[in-house]
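User: I've got a model loaded and would like to talk it through. Can you take me over the fold, the burial and the charged pairs?

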Amino acid sequence: MAGVEQLRRREGVNLVQLEADIASVRTGSSIASISLPDYVEHTEGVTRVGALSAEAVIRDYESAAKEIEAMGTELIDAAQKCEALTAQVHDAIAFMRETAAGYRDEGRKIFKRIEECALFTEDVRKTCEEVKRRMKDVSVGESSNEELATQERQLTGIAATVSVYEIPATER
């Protein structure tokens, strides 16, 4: 808006010139073509200068109100985008949780397999030691077949389930 000017009271104010001055400051065509908002109307008996001043003020307020409403519309659009982004974030978090649970399950399976392999390897080691000892005893001739049968019954782990005679001849 223009700076504040002091108006001196003069006789014979040219209202047509005043209206033309107001219209030239305002963008658009003439001030008469701009309608007033629905929520105001001129009071009967108001002077032309008073009516024009009131119209100028209400138009500024209406313009500001429309800009505020436009900001509200932009804010609603931003909120909708935020909600969509939030939904995507929730989907991503759910996917990450599912992936982490899958990794934990796979880790648990591998952990169990490794421990089973370690136990099996220990059984194989013990079996090999036992078979070596039995072979040594048989080759020296210190044990009889009855002693070997008794020893086979006392074996544990894989050694208890596999005997030398079960191993194919090609591997012996």
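Analyst: Sure. Going along the sequence, the pattern reads α-α-α. Keep in mind that this is a predicted model.

User: How many helices and strands does the protein have?

Analyst: The pattern along the sequence is α-α-α, so helices are what DSSP runs give here. The count is three helices and zero strands.

User: How far apart are the end C-alpha atoms of H2, and what span should its residues give?

Analyst: Helix H2 covers residues 48–140. With 93 residues at 1.5 Å a residue, H2 should span 138 Å. That agrees with the distance between its end C-alpha atoms, which is 136 Å.

User: What share of the residues in the protein counts as buried?

Analyst: To count as buried, a residue needs under 20% relative accessible area. The protein has 172 residues, and the share that passes is 11%.

User: And how much area does the protein expose, and what part of it do carbon and sulfur atoms supply?

Analyst: The exposed area of the protein comes to about 15000 Å². Of that, the part supplied by carbon and sulfur atoms is 58%.

User: Is Glu 55 buried or exposed?

Analyst: Glu 55 sits in helix H2. Its relative accessible area is 13%, and the cut-off for burial is under 20%. Therefore Glu 55 counts as buried.

User: Which residues does Glu 55 touch, leaving out those up to four places away in sequence?

Analyst: Glu 55 is one of the buried residues of H2, a list that also includes Ala 51, Leu 52 and Ile 58. With residues up to four places away set aside, the ones Glu 55 touches are Leu 36 and His 42.

User: Which residue forms a salt bridge with Glu 55?

Analyst: The partner lies in helix H2 as well, four residues apart from Glu 55, about one turn of the helix. Both members of the pair are buried. The closest N and O atoms are 3.1 Å apart, and the partner is Arg 59.

User: What about Asp 105 and Arg 108: how far apart are their closest N and O atoms?

Analyst: These two are three residues apart in helix H2, so about one helical turn separates them. Asp 105 is partly exposed at 36% relative accessibility, whereas Arg 108 is exposed at 53%. They form a salt bridge, with the closest N and O atoms at 2.8 Å.

User: Which residues do salt bridges that share partners join into one network?

Analyst: Start with Arg 125, which forms a salt bridge with Glu 122, the closest N and O atoms being 2.1 Å apart. Arg 125 is partly exposed at 38% relative accessibility, and Glu 122 is partly exposed too, at 31%. Shared partners then make one network of Glu 122, Arg 125 and Glu 129.

User: How many salt bridges does the count come to?

Analyst: The rule asks for a side-chain nitrogen of Lys or Arg within 4 Å of a carboxyl oxygen of Asp or Glu. Arg 59 with Glu 55 meets it at 3.1 Å, among others. The count comes to six.

User: Last one: which residues make the nonpolar surface patch of about 210 Å²?

Analyst: One member is in the segment before helix H1 (15–25), namely Val 13. Val 13 is partly exposed, at 48% relative accessible area. The patch is made by Val 13, Leu 15 and Val 49.

Technical notes:
Residues numbered from 1 in each chain as written. Predicted model: local features only at pLDDT ≥ 70, side-chain atom pairs only at ≥ 80, totals over all residues. Heavy atoms only, no water. Buried < 20%, exposed > 50% of the residue type's maximum accessible area, 1.4 Å probe, protein only. Contact = heavy atoms within 4.5 Å. Patch = residues over 30% accessible without salt bridge, like charges linked within 9 Å, V, L, I, M, F, W, Y side chains within 5 Å. Areas by Shrake-Rupley, 256 points an atom, 1.4 Å probe, with all protein chains shown as cover. Expected span 1.5 Å × (residues − 1).
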